[in-house]
Amino acid sequence: MAEEARLICAAADLEEAGRGVRFEVEYCDQAAPAFVLRYRGKVHAYLNRCAHLPMELDWREGEFFDLERRDLICSTHGATYAADSGACIGGPCGKTPLVRLRVEERGSSVYYLGSEDD
Ligand code: FES
C-alpha cells in the first residue's frame, strides 16, 4: 500500500556523491533501515541491506560511496552497486540489486514516497 510522503531531510543535507542520510521505513511489514543520497544531481534511496547477506552497507554512518565516490560499496565483503539504479556491478551480490525506494526532492526538502513495490 502506498504511503503518504514523509519528510526525510533537507535537500541541502545531500551533497553530490557525499554522505547519505539514513532513515527507517516499513518494508514487508517490518521496520527496515534505508538511506538516501545524491548522485549526478538526483536523489536516490535504497534499503540499507546488501543483496549478498542482509547486512547494512555503510562502513561508517552515512558513508556508502567507494573511494572514487562513484559506486556504492558494501563495507562487509565489497559488493558494489550503481548509485543511480542500485544494480549490482561487482562482488558477491551476483545480479541482485539493492531494493529501490521512491523519493522526491521538492523545493528544499526530500521526501520518502514508498517502496517501488507499493
Ligand atoms: S554482506 Fe555485502 S558484500 Fe557480503
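These are legends for several views of one predicted protein model.

**View 1. The whole chain, an all-strand fold.** Zero helices and nine strands make up the secondary structure of the protein. Going along the sequence, the pattern reads β-β-β-β-β-β-β-β-β. Put a box along the principal axes and the C-alpha atoms fill roughly 35 × 30 × 20 Å. For 118 residues, a compact globule would come out with a radius of gyration near 13 Å, and the protein has 13 Å, so the two agree. As for sequence range, take the contacts between residues at least 6 apart: 46% of them join residues at least 24 apart.

**View 2. Surface and charge.** About 6500 Å² of the protein is exposed, and carbon and sulfur atoms supply 48% of that area. Buried residues account for 44% of the 118 residues. On the charge side, there are 14 positive and 21 negative charges. Average the positions of each set and the two means sit 4 Å apart.

**View 3. The Cys88–Cys93 disulfide.** How many disulfides does the model have? The count is one. It joins Cys88 to Cys93, with 1.9 Å from S to S. In general, a disulfide is a covalent bond between the sulfur atoms of two cysteines. Now for the handedness: the torsion about the S-S bond of Cys88 and Cys93 is about 70°, so this disulfide is right-handed. Are the two partners buried or exposed? Cys88 has a relative accessible area of 15%, which is under the 20% cut-off, so it counts as buried. Cys93 is buried as well, with a value of 3%.

**View 4. Cys9 and Cys74.** Two further cysteines get a close-up here. Cys9 has a relative accessible area of 7% and is buried. Cys74 is buried too, at 4%.

**View 5. Tyr111 and its surroundings.** Where does Tyr111 sit? Its place is in strand 9, which covers residues 109–115. With a relative accessibility of 22%, Tyr111 falls between the 20% and 50% cut-offs, so it counts as partly exposed. Leaving aside residues up to four places away in sequence, Tyr111 touches Ala5, Arg6, Leu7 and Ile8, along with Arg102, Val103, Glu104 and Arg106. Glu15 gives a distance to check in the viewer: Tyr111 and Glu15 are 96 residues apart along the chain, and their C-alpha atoms are separated by 16 Å.

Terms used:
Residues numbered from 1 in each chain as written. Predicted model: local features only at pLDDT ≥ 70, side-chain atom pairs only at ≥ 80, totals over all residues. Heavy atoms only, no water. Helix = DSSP H or I, 4+ residues; strand = E, 2+ residues; numbered from the N terminus. Rg over C-alpha atoms; globule rule 2.2 N^0.38 Å. Buried < 20%, exposed > 50% of the residue type's maximum accessible area, 1.4 Å probe, protein only. Contact = heavy atoms within 4.5 Å. Areas by Shrake-Rupley, 256 points an atom, 1.4 Å probe, with all protein chains shown as cover. Lys, Arg positive; Asp, Glu negative; His and termini not counted. Charge placed at Lys NZ, Arg CZ, Asp CG, Glu CD. Disulfide = S-S within 2.5 Å.
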